[in-house]
Structure formats: C-alpha cells, structure tokens
Amino acid sequence: MEFTRRQTLGLAAAAVAGTTVATAGPAQAETSRWVRQTLERMSLEQKVGQLFVSYVYGPTADTADQRNTNLYGVPTPAEVVRKYHLGGVIYFAWTDSVKDPQQIARLSNALQAAALENQGIALQISTDQEYGVVFRVGPPATQFPGAMALGATRSATMARTAGGIGGRELKAVGVSTDFAPVADVNVNPLNPVIGVRSFSSDPQLVAELTAAQVKGYQRDGRIVSTAKHFPGHGDTATDSHTGIPVISHTREQWNTIDRPPFEAAIRAGIDSIMTAHIVVPALDPSGDPATLSRPILTGILREQLGFDGVVVTDSLGMKGVRDKYGDAEIPLRALEAGVDQLLMPVDFDLAYNSVLAAVRGGRISEQRIDESVARILTLKLKTGVVDRPYVDVARVPQVVGTAANHAAAQNIADHSTTLLSNEAGMLPLSPAPRKILVAGYTPAVLAASLNKRGATATVKDTGATPTDAKIDDAVAASAQADLTIVLTMKAWDTLVTDKLGKQQKLVNALLATGRPVIVVAVRDPYDVAYFPAARTTLATYGYAAVSMEALAKVLYGELAPTGKLPVAIPTKADPTQDLYAFGHGLTFSVKETRLTVASYNIHTGAGTDNVFDLDRTAQAIKALDADVVGLQEVDVHWAARSEWRDTLAELASKLGLHAGFAPIYDLDPLVAGQPRRQYGVAVLSRFPLVRTENHPITRLSTQDPNPVPAPAPGFLEAELDVRGRRVHVYVTHLDYRADPSVRAAQVDDTVKILARDRRKDLQILVGDFNAEPEAPELAKLWRRLDDSWQVAAATTGGPSTYPAADPVKRIDYVTVGAGFRVQHAAVPPENAASDHRPVVADLYFRP
C-alpha cells in the first residue's frame, strides 16, 4: 500500500502530536502498516545499512574527498550513502559539513536525494547541538547557553525555549535529530568529559530540565531529541573517549542519582536514548561497557524503564568501547545488548559486513534486525522526513538566527551569570570609561562588549595552555590597565586540558600584582577554588557571545546577577568541604549607579624624602581605582625637581584621566622666562569634565598671613555627567589652622557656593580640611553634607589620614550631598611613608 502525500503527512503529524485516545490507535496502526510494508520490500543490505549512522566528508554531496575514499572506498558523500544504504548521517565541523546554514541545507537535500534513489529510505540527519561549549552549527545560527547555564537559571521554561528554537533551526537546515540533551548528573567535579554539559549535580533539577528540553526539541521543534549518556556518565574522572570509566555507584545510588533524568525523559516522550561507554558493576558485573550490556540496555532501559524508542550508541570509535573487543565484534554485541543504531564505527566497511555476516551465519536473526529497523522507520515517519525529506533553502534565513531567536538566547544568558564573590566590593563597576585588560581564554568577545560600554579594552588571548612568555606579557600589560579581567577554561584540569597548570600560574601572577582583578570561570565553575587570593569571581558556564554580553551587563550593573550555582564547588585542599554550596549566588541592585571618589593630598607623592616622584604618585593614585580623585596641595610646576614640567598634565596623561586645575596662589616670584610654581587644587576624572570653575573663597595662607602675590580663589568645581545625572565635584584646601574668623568665612563661602546648584543635582566635596569632624567650624557643612567615613555601611583602615602629626588626626575628607548612599569608605594602607593618606568612598545614586 502506498500512502498519498496528504495521508503520510497526516500520519507523521499524528505521530508527533502525541497519543490522545481519539487518534492514537488509527495513527499507530497506519504507521505500523507502512513500516511493515517497507520492511517487506527491503533487502538485508538495506536493513543493515539503516542501523548505521556515520559521517561523510565534504561540504556538498558531490564533493570528492580522499578521506571518503580511504574510509568507504568511494569519493563523494552521495556515493557513501548509496553504497551502504545509510540510515543516518552525522554532521561535524571537521567533516566540512557545517560551514553555514544555507550550505547545510543544500547538503542535506542532496544527501536525501542520494538516499531516496531506487526506492531508498530517507536519511536521519543528526548532529551534536548541545549548545554552550558543545555545538556543531555555529553562528549565524542562534547560540544558546549550555546545560549548566540553564541549570543556573533554574528555569524549565527557558530550557524548553532553547530546545524549541534550536529544534526549529536544525529542522530548517535538514537536521532531524539532535543528540541532546545531556541527562547525566555531574556529581563529580573532576569529571573531564561532562562538566558544564550537565544541567546540575542535583538529580531532580537535571530531571526537570531534561524533560523540558525533550518537550522543546520534540513538541516545539519537531525533531528527534536524544537523552545521553545512559545509564549516567556524571560520576567519573575518566574520559570515555580515551579510557574506560568505571562508575562505582551502588544500585541504590544509581536509582537515586542517575536514573531520575532518564525516567523523566521517557515520561516526556523521548524518541531516542544514547548509550555510554562506561562500566557499572552494580548494574552489570560482567565488566562490559553499557553500550554492550544486555542487562543494562534490555534489562533496565527496555524492560524496567519501559523505553521502546531508538537506542543509539555513542561513537564506536571511542576507547571506552573498543578496549575489550575488536571492531568487528563491537557492533554485534551492541545489537545483542539491545542497541538499534550504531554510531560512527572506526572501520565502517568492517562493521557493516560484520553485521551482514552475523545475520547470514545465524548469530543474529533477521527478526532481531527488523525490530531495530522498525523503530528507526517509525521514528523517521514520525519526524516527517519520510514525507518531507527536503527543506526550502530560501526559507533558511527566515528561521535560523533571527533577531527574535537571538533575543531569546540573550535573555537566557542574562539569567545565568553567577556572582560567586564580591569581597572587594568591586561590582558593579561604575559607568566611567576605563582601561581594561581582558586576558585568558577567548577574551576578544568580552572585550568587544566592554568597548561598547566606553571601556578601552586590551586583549591578551593566552588560551587554555599559556606559555610563560604570554603570562609575562599579560602581567606587564596589567600594569597599564585600571582593571584586569581574566577568563579561565577548565583551569582545574591539569591532567588533560592544561597539564602544566599554566592557567593557574597566569591568574595567580595577575592577582599577585595587587591591582584590581576579576576572575571569571567561563566553563567549569570549579576553577575558582584554585585561586584563593581572588576576591571577585564569577561563573558563566560557557563562552558563547550571549554569555559574554550577559557578563558585561553584570559587570557594569546594567543587570543584576541572578544565576545560582547548579553544583557545589569544593575547596581545592579538601574536596569534601564546599567553598560555595549548591544554590550559592550573590546579587546587587541595578537601580543604583556606582561612583568611587577619592581624596588625595599630593604630599603623599613627595614622601618623607620631600622629593616629588611623578611615577610613584601615578601608581599610588592608580591603586585607588577611583573614578574621581580630588587633589590638594598641587604644585603644577616643581622647579628643578621636575625640570619645569607641567606635572598635573603629565600625571593625567600617565593615568589616562581628564584633569581640571584651580590655583590658590603662586609661591615663587615671577622670573623672566620661567613659569611660576603654582599651588592649587585639582580633579582627575575618568568621566569627561563638562565644565570647570574656580570659585572665589576667603583665603589665608597657612605659611604666611599676608602672602605676596595675593591668593587666587582656590575652590574648584568640576561638573560631570554620569548616566544622565549632573554631578558637581568640589575640591578645596581649607586653612583651618588660621584665624577663627577666616575659618568661619571659608565655611560660609563654601555653603553659599554649594547652594547655587539645582536641588536635583548631586554634590561631592573633596578636601583637606585640617580639622576633625567635631570642629565647630564644620557644623554648617554637616547640615548640607555627610562625611562618608562616618555614614559608610562599612569602613576600613584609618581613621587617621595624617600620621605625621602628634596626635594623629583626620584632615582628608570625601563628603556627599543628598542623593548619595555611601556603601564603603576606606583609608588604604600606605605603600610608602608620607605625611598624608588618602580616603576612598564607594558611593551609589539612582540615575
């Protein structure tokens, strides 16, 4: 019986839609009839061919490639399909199968045409599109965050969304099967092969998200979903690509840890399950890997769990399945164990003919072959490739990589970034322009996102195995940056990924500089346990562009981090102790913008030797990591000590900051041909200065009551625009050791000047007051301003900022007006002996 196009389409749709009482019986009956009639007309060679899924080399079906000839004896992909009556093809980048979506679609159509010649069967075209760190179809196809990132969101809805969109995009290019999701429970932090490919270490969370992805791929995307790797690959320290992992779980542990996700997948209607090349003695004491184990695949998967879909092996080229038996024996034992599809045998011709010989010789019955072929044919009919084997190449751009799909992927990434530690209070960063070094693994994408936000990013791509020369280069570059962000990729893995531990060396060398460093684990979150000195750490679980954009949003406070650890991170020293528990994740408010302000008396740069050192001063100011620095006692020209250079301009140039200066008076008489040594106050700012003004204020020299020439005004105002808010920064050097009447006049002048600003503007007064907070002369200031040191939620250092005095006292201040919240204030430790110490305050305001 031959079905019409309409009838076959109806059957396929019914098979995909589900099993409602009204339609399940007739649809299944017609499907079974088509499968039975198709089997009756197939030769044994065709049936055996249906059991195999393999790769072919070349971007088109007619590309002649010597690699095909070496492996299959024919040069083109189309000839391989025809020669062996292939049941399925799998796409990889290294086979040149996935150059771009349109090329994939054209390749799929041409391979289907080859398969359908002479009443052949449509191909099941597959790939490993797990997303995150494992994907085959790259941009412009939508790149979703991977499984563990989804685990960090805790959202089954997002997991289903990713599966649905991913399924539709794959279907549009002719791929009908995705070997995803990973249903393994990653309970072993040292797992070298699963890691972030798993949703979580929690079986119930893995089960929930596995089921959601199955529904996304199959119900929404209308492709085959494949849960892997049965019976569970999450607790191994051996990679089955290179060895034979032995899982020591008891049967009870397997039931508790590994079984739930596969049960959930089966309940969700999973079409296919992939086997693992692992030995589980509690499930099968024979020592055979699960792929070849009848007790596991037939006894547990088929009979106990009730799965009657397609069972496909993991690659038969992996060491985990090849060590015990020869390549001719492996496919036979897999079929005897209960497998339906044989994936990527090493010697294809040997494997194919081995199965043919086993059937002809009676070892394997043709009835057994028919059982598997029937499942495969049923699956092909269900997913529509029987009725609609070809895709519309012209429609591919309308489906693949659309703006809406990218937005959905970005939304998921935005909910996955996990802030693990923020001990230095570094995050969120202020919106100020800054020089940032981005080093480590694939830093260019993050750097581009940072540049979009006004940063000047320098990239040092040191890879997964940095050389000593690259490490030294990155450390040297960090000295010129305001901030370093270093990205790690399985830095914990010194057995396979980074055998010499060079990523750890890189990160620890950057931390040892004492400069601000943010450490981001862009794959396994376990990396952060190997950097105890790191005070600011995050995890992204992947390095796709959407994950790096989400990271940039979190760094700049555009987005509050909401990701929660889907695994526990043990300490390096004691794996039984958690550094961060399952569910850990910090956050902060995005309703406020950060601004870090410092007060710095230039005498700190002169030190006890009273010799001004420009480089020493620049490094000291750089170490404050402030967005705005108010400078007091600035001598713009320092006579012979600086060869008459303009030190403020040079200081600003060294730091890459904007500068404003206001003179107070000239210390030296005018000499023909020489600039005067001008004394005053200044502002250094990461933000451009919208306006500066030197306001008149009552002055009295602390050295001479009647200085000649007369004092200049000496009250600097610098206006900034910070995320749409007008911020006025005032810098003063008030002479409170002088006549009381002058002290009172100076405070009066200050208050009058501050009162001129609009009520909604923000005000900051930075200065060297030469007074304690309790001094009566300051009372008027405190009615308008707050001393950040006294109101801070946390303070460190100090409280002395004038250690040369006896007794020591506060004379340096950062004071703020209404609209600011003071989070933290500090008097940093001295790097060199001096008669002043700076004050730094972390301020927050609503944009």
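Is His85 counted as buried, exposed or partly exposed? At 29% relative accessibility, His85 counts as partly exposed. We'll come back to that residue in the second view; everything here is drawn from a predicted model.

**Figure 1. The whole chain, before we zoom in.** The protein chain's secondary structure adds up to 27 helices and 29 strands. Of its 847 residues, 61% count as buried. Take the contacts with a separation of 6 or more: residues 24 or more positions apart account for 74% of them.

**Figure 2. Helix H5 and the residue that follows it.** H5 runs over residues 77-84, and its buried residues are Pro77, Ala78, Val80, Val81 and Tyr84. Looking down the axis of H5, you find these buried residues within an arc of 160°, so they line one face of the helix. The cover over them includes helix H3 (44-50), helix H4 (66-72) and strand S2 (88-90), along with helix H6 (101-116) and helix H14 (348-360). Just after H5 comes His85, sitting in the loop between H5 and S2. His85 isn't a glycine, yet its phi is positive, at about 50°.

**Figure 3. Helix H8 against helix H9.** Here H8 (residues 156-172) packs on H9 (residues 203-220) at an angle of about 30°, with the axes 7 Å apart. Angles under 35 degrees count as roughly parallel, and H8 and H9 are therefore roughly parallel to each other. Their crossing is right-handed. On the H8 side, the contact is made by Ala156, Ala159, Arg160, Ala162, Gly163, Gly164, Gly167 and Arg168. H9 brings Glu208, Leu209, Ala212, Gln213, Lys215, Gly216, Tyr217, Arg219 and Asp220. Sorted by class, the contact of H8 with H9 is a mix of six nonpolar, five polar and six charged residues.

**Figure 4. Helix H8 again, this time with helix H17.** The partner is now H17 (residues 403-414); the axes of H8 and H17 come within 10 Å and cross at roughly 150°. Since angles over 145 degrees count as roughly antiparallel, that is the label for this pair: H8 and H17 are therefore roughly antiparallel to each other. The crossing of H8 and H17 is left-handed. H8 contributes Met158, Thr161, Ala162, Ile165 and Glu169 to the contact, and H17 contributes Asn405, Ala408, Asn411 and Ile412. By class, the contact of H8 with H17 splits into five nonpolar residues, three polar and one charged. Ala162 of H8 takes part here, and Ala162 is also listed in the contact with H9.

**Figure 5. Helix H18 meets helix H21, with Thr442 in the loop before H18.** H18 (residues 444-451) and H21 (residues 545-555) pack at about 45°, their axes 9 Å apart. H18 and H21 are therefore oblique to each other. The crossing of H18 and H21 is right-handed. Val445, Leu446, Ser449 and Leu450 make the contact from H18, while Ala545, Met548, Glu549, Leu551, Ala552 and Leu555 make it from H21. The class count for H18 with H21 is eight nonpolar, one polar and one charged. Thr442 is placed in the loop between strand S10 (435-440) and H18. Though not a glycine, Thr442 has a positive phi of about 45°. Thr442 is partly exposed, with a relative accessible area of 30%.

**Figure 6. The loop between strand S3 and helix H7.** Gln143 is part of this loop, which links S3 (124-127) to H7 (147-153). With a relative accessible area of 12%, Gln143 is buried. Leaving out residues up to four places away in sequence, Gln143 touches Gln129, Tyr131, Phe135, Val137, Gly138, Ala409 and Val546. From Gln143 to Val133 is 10 residues in sequence and 9.9 Å in space, C-alpha to C-alpha. Pro140 lies in the loop between S3 and H7 too, and the peptide bond leading from Pro139 to Pro140 is cis, with omega near 15°.

**Figure 7. Arg523, tucked into a loop between two strands.** Arg523 sits between strand S13 (517-521) and strand S14 (536-539). Its relative accessibility is 13%, so Arg523 counts as buried. Neighbours within four places in sequence aside, Arg523 is in contact with Val133, Val196, Thr488, Met489, Lys490, Tyr541, Gly542 and Tyr543.

**Figure 8. A cis peptide bond in strand S5.** His229 is found in S5 (residues 224-230). The peptide bond from Lys228 to His229 is cis, and its omega is near 5°.

Methods
Residues are numbered from 1 along each chain as its sequence is written. This is a predicted model: local features need pLDDT of at least 70, side-chain atom pairs count only at pLDDT 80 or more; totals for chains, interfaces and linings use all residues. Side-chain values use heavy atoms; hydrogens and water are left out. Axes are lines fitted to C-alpha atoms, for helices over the stretch in contact, and angles run from 0 to 180 degrees between N-to-C directions. Helices (H or I, at least four residues) and strands (E, at least two) are DSSP runs, numbered from the N terminus. Angles under 35 degrees count as roughly parallel, over 145 as roughly antiparallel, 65 to 115 as roughly perpendicular and the rest as oblique. A crossing is left-handed if the near helix is turned anticlockwise from the far one by less than a right angle, and right-handed if clockwise. Contact means heavy atoms within 4.5 Å. Ala, Val, Leu, Ile, Met, Phe, Trp, Tyr, Cys and Pro count as nonpolar, Asp, Glu, Lys and Arg as charged, and the others, Gly among them, as polar. Buried means under 20% relative accessible area, exposed over 50%, partly exposed in between (1.4 Å probe, protein chains only). The arc is that of the directions from the helix axis to the C-beta atoms.
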